[in-house]
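Visitor: Could you take me to one place where two helices meet? Go slowly there, then show me how the rest is built around it.

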Amino acid sequence: MKMKKFINAPETITDEELVGLGLAYPDIVDVDGHLVISKDLKDADRVTIVTYGGSGHEPAQAGFVGKGMLDVQAVGDIFAAPNPKLVFDAMKLADKGHGVLLLTLNYAGDQLAGKQAMKLAQKAGLNVRQVVTGEEIQFDPNGEDNKRGLAGAVALYHIAAAAAREGKSLDEVAEIAERYAKNMASITVKSTDATHPQNGMSFGDLGETDLMEIGAGQHGEGGGVRVPMKSSRETVATVAEALCRNLELKAGDRAFVMINGCGATTMMEMLVLFKDTVEFLKERGVEVAASMVGEILTVQEAGGFQMNIAKWDDEFIRLWNTPCHTPAYSKE
């Protein structure tokens, strides 16, 4: 059956999407080709935050460019890292004399682009630091420990940006980002497949079964464990237990919880999953100090969710409780 998506031409999807983003949020971002730039960058006198990645994961990452989060994102084509020169251009544009923090998701293409962009930046004399997030945990003991970067990076955008806005140095902001990255963990649970919006290709065969896959990766790469579909409470018990074990959460700890819908999961389901997660943690004496629930980093119309839990301290809580204003997420 022909792919059913409201697009014009497969080869111009990303270009047209970015034009639309700029038209929809002219008070928050500027769009220059494949660079999405925060309006707040103009008067910035601080460390700045840059990231990059492929389109197709909306609202991430461009939806989190704005005051109190990302300063610039370099956007690649569907599910593809941008070229290193564009990432370098993003860092050069963001530099306000206090240094630039480059945040990278742990995927081969992103890592390669980041490595080459960092070389260009250092050759140009820019003061740059890079932090890589790869919070996916190994769910299948017999599978690969891929440590892929998932939706947890979005909370890190705000934590790092808030630290920068306090006037911290680049080394200090990078240290906070590194510490946050080491204190979070995520698992993806996939229930149905996505299709590639440029060629209609399905990402797997899970949609033809009554199974779900735990540990499937952001794009449904596989490597997880397929089990029969379960209720929210049963699924949360399995996933949250694995994350708590990885983070060594214990009674008295405080945590951040994210339930990220992968594209086709309804808000109703996400809220039930969040409720069950809060109850699961409460039974173990762990306080949920803050949360994000909704579509944050998607893969088109994939069914399922990501659960991200981070162990928080007083500094993370203080930084989180600061304002931000972006197309996809704002708070006072």
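Guide: Helices α2 and α3 pass each other in a right-handed crossing (the near helix is turned clockwise from the far one by less than a right angle; anticlockwise would be left-handed). The model is predicted: local features need pLDDT of at least 70, side-chain atom pairs count only at pLDDT 80 or more, and totals for chains, interfaces and linings use all residues. Residues are numbered from 1 along each chain as its sequence is written, and side-chain values use heavy atoms, without hydrogens or water.

Helix α2 covers residues 84-94, and α3 covers residues 108-123. Their axes come within 8 Å and cross at roughly 50 degrees. (Axes are lines fitted to C-alpha atoms, for helices over the stretch in contact, and angles run from 0 to 180 degrees between N-to-C directions.) That angle makes α2 oblique to α3. (Under 35 degrees is roughly parallel, over 145 roughly antiparallel, 65 to 115 roughly perpendicular, and the rest oblique.)

Now the residues that touch. From α2 come Pro-84, Lys-85, Val-87, Phe-88 and Met-91. From α3 come Ala-113, Gln-116, Ala-117, Met-118, Leu-120 and Ala-121. (Contact means heavy atoms within 4.5 Å.) Nine of these residues are nonpolar, one is polar and one is charged. (Ala, Val, Leu, Ile, Met, Phe, Trp, Tyr, Cys and Pro count as nonpolar; Asp, Glu, Lys and Arg as charged; the others, Gly among them, as polar.)

Step back to the whole protein. Its secondary structure comes to eight helices and 14 strands. (Helices, H or I of at least four residues, and strands, E of at least two, are DSSP runs numbered from the N terminus.) The C-alpha atoms fill a box of roughly 55 × 55 × 35 Å along the principal axes.

Look at one sheet. It is open, with six strands in the order β1-β2-β4-β3-β5-β6 and mixed pairing. (Two strands pair if DSSP finds at least two bridges between them.) Strands β1 (29-32) and β6 (128-133) stand at the edges. Each has a single partner strand, so one side of each lacks a neighbour in the sheet. From one strand to the next, the twist averages 20 degrees.

Strand β5 (residues 100-105) runs parallel to β6, and six bridges join them. There, Leu-101 faces Arg-129 of β6. Helix α1 (residues 13-24) packs on this sheet. It touches β1, β2 (35-38), β3 (48-55) and β4 (72-78), and its direction makes about 145 degrees with that of β4. Helix α4 (residues 152-165) lies across β3, β5 and β6, running at about 170 degrees to β5.

At the β1 end, β1 and β2 are antiparallel, with four bridges. Val-29 stands opposite Ser-38 in β2. Two residues lie between the strands of this hairpin, and Gly-33 takes a positive phi near 65 degrees.

The loop between β3 and β4 holds Pro-59 and Gln-61. A cis peptide bond joins Glu-58 to Pro-59, with omega about 10 degrees. Another cis bond joins Ala-60 to Gln-61, with omega about -5 degrees.

A further open sheet has six strands in the order β9-β8-β7-β12-β10-β11, and its pairing is mixed. Its edge strands, β9 (225-228) and β11 (287-294), pair on one side only. The twist averages 20 degrees from one strand to the next. Strands β10 (residues 254-261) and β12 (residues 303-312) run antiparallel, joined by eight bridges. Here Arg-254 has Trp-312 of β12 as its bridge partner. Helix α4 packs on this sheet, touching β7 (184-192), β10, β11 and β12. Its direction makes about 125 degrees with that of β10.

One more pair of helices is worth a look. The axes of α6 (residues 232-247) and α7 (residues 267-283) come within 9 Å and cross at roughly 50 degrees. These helices are therefore oblique to each other. Their crossing is right-handed. Helix α6 contributes Ser-232, Arg-233, Val-236, Ala-237, Ala-240, Glu-241 and Cys-244 to the contact. Helix α7 contributes Val-272, Leu-273, Lys-275, Asp-276, Thr-277, Phe-280 and Leu-281. By class, this contact has eight nonpolar, two polar and four charged residues.

Last stop: the loop between α6 and β10, where Glu-248 is found. Its phi is near 55 degrees, a positive value in a residue other than glycine.
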